[in-house]
Amino acid sequence: MPSFGPLLKAKETVKVFAKNAPSPRTLLRNRRQQFDRLHAICPSTVEPGESLSVTVQVWDQCERLYGDFDGTVTLETTDPEAVHPDTLSFADASDGVVRQTGIQFASPGIHYLTLTVDRTGEQFISNPIRVDSDHDQQVYWGDIHLHSRLSDGTGSLGWGYRYGRDVMDLDVVAYTDHDTMGFFIPPSWQRSRMHGGFFDRLLERSQEFTDEDEFVSLPGYEWTKQPNQGGHINVYFEDPEDAQLFDSIASESRTYEQLWSRLREWDDGHDSGVVTIPHHPAEAMYPFDFAAVDYDDELAPLVEVYSQWGSSEQPGGENNRFPLAMGQGEIGEDGHYVQDAHQLGYRVGMVGGSDYHGPHPGHSLIHTEPHLPSIHEWRRDGVGWGNIWRVWDEQSYPGGLTAFLAPELSRSAIFDALRSRSVYATTQPHRILVDFRIDGVDVASQSEGITVDSRETPRTVEVHVAGTEPIERITVVKNTEPWRTLEGTTDADAGLDAYTAAAEWTDETSLTGTDGGDASGPEGDVYTVRVRQASDRRYPGTAWVGPLWVEAG
């Protein structure tokens, strides 16, 4: 059956292209770039008086960098005591990116930068900045699911790393090229290429671009089942010098259980670590059924809840704003969603990634209006999904981001955040700050769970959110069902007061477990949080945080 994989993928691709072929008028219109917006990125956590910089990008109507913007921008902050330049100039920003240094916040709290285009009066808001002299953890941002021309993507590893670091101001980037694959490259050929030097190149470039305290890359790859034969899993190593390729065709690692068995043997023989992360488990072409495998939530402590494919948190008919639509669409069967994994008792956290097949970490482009990449991009990056998808509307979404809660920006600290589930997911490009706690314990400090004295012990549930748009709704999910909701506003033009929200509840009900009290089911109650923002654009910013698992001592 594996040999049929390329044919199945080819058939599916031709069907999608025929259904969603763009109009020549749209492609012609989008050849001409027009200014659409500014996107400003600051560090998410700083201390009072700490000097920081803001990276400002100019985007056109298709979210491409726009180098012809030459306006002047007035810069203001929500901190009246802050030190900052009054204006930003783009006169010399031929690439559409400006980095401004010399900004200092003095007052503790959540703050924003406001950028006003002098010529038009348009206003754009930065991500929220938490100013505090005593951070429990720093918040770092990463895109750790990308593909280059070493498999079926476009662009070089070096170009992608530089884009993620210098343009999108990411802290963490990881390329996860396919170990085997189909359509563009027969599975056995891709396998031989990876074992013949491509995997080594992934490791070398990861090492080359890692600069402790500045930028981190995790070495990894994608363990890739063929179409309609199973789901995909990303494998990440802590140390590139120890990393080893266990591919999805080899007789000793072709099933999920075999892969985890080989990786556990590997882990026992090395001081460095390894983690695995399934992704788009509810997609019908590449399904991953949590109920049908002997799941290892120690080696697989996380699931990619969201990417450009959509969200696999819950089915599309259950208030999922991002139902999977690419490929063969949503599978629509129990067992394939993150909430199913929680109901089965698997302690899996949630990360976001782009799964973008191009050199744009932190900012996938295929959800925008169809447009032709420039001749320069075709020549530089090659022919692959990263450029082809930009011409056709394949019903994708913006990619995802992962927030890492870690004490420092080092490879070991970032890897430990993955292994301990000290992470959460957002949609791109929204660096939403979410502090979710039960009895004062958050995802960065829960260890193996939260213990209370008895099943009847009340629990205090707190959520604090600082968004990149007005907050529309905060939903606390308990045992896979909505438990409490904080309603905000649907007005996308609401002021900055609507960008932050907080709530506290007391759960006085007895612990029942996700099975509703059946003694044979998993112990403890599981809580997650979903944040949705109000937006006048097609896709609202969203965040997924958790789980926090509460058990009786």
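**Entry 1. Ser 354 and its contacts**

I looked up the surroundings of Ser 354 in this predicted model. Leaving aside neighbours within four places in sequence, I found Ser 354 in contact with Asp 143, His 145, Leu 146, Ser 307, Gln 308, Gly 399, Gly 400 and Gln 428. Ser 354 itself belongs to the loop that lies between β19 (349-352) and α7 (375-381). I then asked whether Ser 354 is buried or exposed. Its relative accessibility is 0%, so I entered Ser 354 as buried. I also noted where its side chain reaches: the backbone oxygen of His 145, at 3.0 Å.

**Entry 2. Two cis peptide bonds**

Gln 428, one of the contacts of Ser 354, led me to the next item. Gln 428 is joined to Pro 429 by a cis peptide bond, with omega at about -5°. I located Pro 429 in the loop between β21 (423-427) and β22 (433-438). I recorded another cis peptide bond between Gly 546 and Pro 547, where omega is about 10°. Pro 547 has its place in a strand, β29 (residues 542-552).

**Entry 3. Positive phi values**

I next looked up residues other than glycine that have a positive phi. Arg 421 is such a residue, with phi near 65°. I found Arg 421 in the loop between α9 (411-419) and β21. Arg 421 counts as buried because its relative accessibility is 8%, and the cut-off for buried is under 20%.

Thr 480 also has a positive phi, near 70°. Its loop is the one between β25 (471-478) and β26 (481-487). At 14% relative accessibility, Thr 480 counts as buried.

**Entry 4. The sheet β1-β3-β6**

I turned to an open sheet of 3 strands. In what order do the strands stand? The order is β1-β3-β6, and the pairing is antiparallel. I then asked why one side of β1 and of β6 is left without a neighbour in the sheet. β1 (35-41) and β6 (97-104) stand at the edges and have a single partner strand each, so one side of each lacks a neighbour there. The twist from one strand to the next averages 25°.

I looked more closely at β1 and β3. β3 covers residues 51-60 and is joined to β1 by 6 bridges, the two running antiparallel. Among the residues involved, Arg 37 has Trp 59 of β3 as its bridge partner.

**Entry 5. Helix α3**

I followed the sheet to helix α3 (residues 157-167), which lies across β1, β3 and β6 and runs at about 40° to β6. Which residues of α3 are buried? I listed Leu 157, Gly 158, Gly 160, Tyr 161, Tyr 163, Gly 164 and Val 167. These buried residues pack against β1, β3 and β6, and also against β12 (172-173), α4 (187-209) and β13 (216-217). After α3 comes Asp 169, with a positive phi near 55°.

I then examined α3 together with α4. The two helices pack at an angle of about 35°, and their axes are 10 Å apart. The crossing of α3 past α4 is right-handed. On the α3 side the contact is made by Leu 157, Gly 158, Tyr 161, Arg 162 and Arg 165; on the α4 side, by Arg 201, Leu 202, Arg 205, Ser 206 and Phe 209. I noted that the residues of this contact divide into 4 nonpolar, 2 polar and 4 charged.

**Entry 6. Strand β16**

I looked up strand β16 (residues 274-279). How many of its residues are buried? The count is 6 of the 6, so β16 is largely enclosed by the rest of the structure. Side chains in a regular strand alternate between the two faces of the sheet. I saw Val 274, Thr 276 and Pro 278 point one way from β16, while Val 275, Ile 277 and His 279 point the other way; all are buried. β16 is joined by 6 bridges to strand β15 (residues 232-237), and the two run antiparallel. His 232 has His 279 of β16 as its bridge partner.

**Entry 7. Gly 317**

I closed with Gly 317, in the loop between β18 (310-311) and α6 (338-343). Gly 317 counts as exposed because its relative accessibility is 78%. I also checked Gly 317 against Ser 447: they are 130 residues apart in sequence, and their C-alpha atoms are 33 Å apart in space.

Technical notes:
Residues are numbered from 1 along each chain as its sequence is written. This is a predicted model: local features need pLDDT of at least 70, side-chain atom pairs count only at pLDDT 80 or more; totals for chains, interfaces and linings use all residues. Side-chain values use heavy atoms; hydrogens and water are left out. Two strands pair if DSSP finds at least two bridges between them. Helices (H or I, at least four residues) and strands (E, at least two) are DSSP runs, numbered from the N terminus. Axes are lines fitted to C-alpha atoms, for helices over the stretch in contact, and angles run from 0 to 180 degrees between N-to-C directions. Contact means heavy atoms within 4.5 Å. Buried means under 20% relative accessible area, exposed over 50%, partly exposed in between (1.4 Å probe, protein chains only). A crossing is left-handed if the near helix is turned anticlockwise from the far one by less than a right angle, and right-handed if clockwise. Ala, Val, Leu, Ile, Met, Phe, Trp, Tyr, Cys and Pro count as nonpolar, Asp, Glu, Lys and Arg as charged, and the others, Gly among them, as polar. A polar contact is a pair of N or O atoms within 3.5 Å; within protein, one must be able to donate a hydrogen and the other to accept it, and residues adjacent in sequence count only if both atoms are side-chain atoms.
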